[in-house]
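Here are a few friendly notes to read alongside the model. Keep the 3D view open and look up each residue as it comes up.

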Amino acid sequence: MGGKITALYCRLSQDDALDGESNSIINQKALLSKYASEHGFRNIQFFIDDGYSGTSFQRPGFQEMMKYVEDYSVSAVIVKDLSRLGREYSYMGRLQDFIFPAYDVRFIAINDDVDSAKGENDFAVFKNVFNDYYAKDTSKKIRAVVKMRGEAGEHIASNPPYGYIKDPQDKKKWIVDEEAAKVVRRIFNLCIAGKGPMQIAKILTADKVLTVTAYHARQKGWSMPENLYQWCAKSVAGILERREYTGCTVNFKTYTKSLKFKKRMENPVENQRVFGDTQPAIIEKGQWERVQELRKNKRRPTKTGKTSIFSGLLYCADCGAKLYFCTCNTYKDDSQNHFVCSNYKSNTGSCKIHYIREQVLYRIVLETIQRTLVYVRMFRKDFKMEMLAQDEESRKAELWRKSRKPSPGRRSGWRI
């Protein structure tokens with residue numbers, strides 16, 4: 001066999017582990033070692049995938065073995081049975097009929113009596129079909145169990161989001177991880193203060209806050225990543241969008257189209273299931289909803305790097321276009337910060353200037369809030385009745401909007 005190796009391949013998935021000890025990696029290694037020794041195979045090398053499904057061939061051990069195969073460095077590949085190599089019928093056929101022969105690799109599946117040196121085994125074709133069917137049937141059963149758990153309001157995510165940990169007393173429940181929860185609260189507060197995900201990421205990086213990956217690695221005793229503090233905007237945005245921080249469980253957020261198409265697709269909101277008060281809240285519901293509203297109206301910083309808490313919320317009373325936040329480089333203070341209609345464009349657009357300074361807007365909003373608070377204190381019952389009536393009107397308006405097609409250009413927000 002020259003200098004070539006004998007590849008002994010072992011695979012075990014979580015589903016296979018349920019079948020008992022016979023499919024364990026230890027058992028497979030012992031069986032393959034004994035077979036290689038008794039049949040004169042030398043220069044053996046193990047390739048192992050522990051915890052990987054046979055329906056996909058994107059497994060580290062298998063991929064490493066195939067690199068040796070493609071380098072013409074393998075004389076034989078030996079497995080316990082065909083299902084250990086894989087449970088996907090079409091690719092299994094390609095391996096046995098084309099790929100292994102092309103690289104002069106002898107293939108042996110011990111328990112299925114398959115040995116390419118002895119010629120084709122017609123039974124192997126049916127065995128591969130059965131293994132493929134078995135994988136589909138198992139997947140179908142697992143999906144049914146997951147759906148049942150999800151419909152019952154159990155957490156079906158394997159790990160809780162950053163900010164929570166599993167309750168040591170009950171693994172099905174989440175409790176607050178206060179150290180990480182402080183970072184989550186800070187991210188939400190920064191967003192409400194007018195910072196976007198990129199700006200928040202830069203702040204956390206500058207303050208040397210451990211990234212989510214680095215934090216989990218430290219908690220679990222794993223090897224630490226190279227960049228301990230390099231936050232990215234995508235990670236921050238993901239935290240800002242997680243509804244679970246309000247204390248609820250959100251199931252069926254993603255799905256796969258089929259067993260063989262592994263990419264997870266985003267599920268429409270109406271197909272998701274939300275269960276309230278399943279764990280302590282880190283973020284108040286009103287604060288979370290405020291952040292989502294701000295995220296819909298993304299606030300891009302000006303060239304000076306400044307943003308306003310009103311950015312993305314103001315619309316022109318005449319044309320309905322957004323009012324843009326502008327700053328002046330010539331002033332060190334913020335007295336000249338202002339908003340202007342986006343359709344104005346230095347008097348060349350389709351609308352008038354509609355200029356208002358940020359400080360004036362602050363004063364108007366503050367005075368309105370103060371007057372409202374005085375009114376609430378003095379006429380608490382009247383205010384409550386007015387709010388109930390307004391909520392009822394809003395509910396009717398929402399039902400009416402859903403019953404007809406939405407009108408283009410319809411916007412909400414303060415109009416100046």
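1. A residue is called buried when its relative accessible area is under 20%. Keep in mind that this is a predicted model. With that cut-off, start at helix H8, which covers residues 197-206. Its buried residues are Pro 197, Gln 199, Ile 200, Ala 201, Leu 204 and Thr 205. An α-helix has 3.6 residues a turn, so residues three or four places apart point the same way.

2. What do the buried residues of H8 pack against? Their partners are three helices: H7 (178-192), H10 (233-241) and H11 (285-296). Just after H8 ends, look for Lys 208, which takes a positive phi of about 55°.

3. Now turn to H10 and H11. Two packed helices are described by the angle between their axes and the distance between the axes. Here the angle is about 130° and the axes are 9 Å apart, which makes H10 oblique to H11. On the H10 side, Ala 237, Leu 240 and Glu 241 make the contact; on the H11 side, Trp 288, Val 291, Gln 292 and Arg 295 do. Sorted by class, this contact has 4 nonpolar, 1 polar and 2 charged residues.

4. Next, the nonpolar cores. In soluble globular proteins, nonpolar side chains tend to be buried together. The largest nonpolar core in this model has 28 residues. Which of them touch the most other members? They are Tyr 162, Ile 187, Phe 188, Trp 231, Ile 239 and Tyr 245. Two or more residues each come from H7, H8, H9 (212-220), H10 and H11, and H7 gives the largest share, with 8 residues.

5. Trp 231 is a good residue to click on. Leaving aside residues up to four places away in sequence, its contacts include Tyr 162, Val 183 and Ile 187. Ala 201, Leu 204 and Thr 205 are also among them, and these three are buried residues of H8. Elsewhere, a second, separate core of 22 residues includes Ile 5, Val 74, Phe 100 and Ala 109.

6. Finally, the cysteines. A disulfide is a covalent bond between the sulfur atoms of two cysteines. How many disulfides does a search of the whole structure find? The count is 0. Why is Cys 341 not bonded to Cys 319? Cys 319 has the closest cysteine sulfur, but at 3.6 Å it is too far for a bond, because a disulfide needs the sulfur atoms within 2.5 Å. Cys 341 is buried, with a relative accessible area of 2%, and Cys 10 is buried too, at 0%.

Technical notes. Residues are numbered from 1 along each chain as its sequence is written. This is a predicted model: local features need pLDDT of at least 70, side-chain atom pairs count only at pLDDT 80 or more; totals for chains, interfaces and linings use all residues. Side-chain values use heavy atoms; hydrogens and water are left out. Buried means under 20% relative accessible area, exposed over 50%, partly exposed in between (1.4 Å probe, protein chains only). Helices (H or I, at least four residues) and strands (E, at least two) are DSSP runs, numbered from the N terminus. Contact means heavy atoms within 4.5 Å. Axes are lines fitted to C-alpha atoms, for helices over the stretch in contact, and angles run from 0 to 180 degrees between N-to-C directions. Angles under 35 degrees count as roughly parallel, over 145 as roughly antiparallel, 65 to 115 as roughly perpendicular and the rest as oblique. Ala, Val, Leu, Ile, Met, Phe, Trp, Tyr, Cys and Pro count as nonpolar, Asp, Glu, Lys and Arg as charged, and the others, Gly among them, as polar. A nonpolar core is a set of buried Ala, Val, Leu, Ile, Met, Phe, Trp, Tyr and Cys residues joined through side-chain atoms within 4.5 Å.
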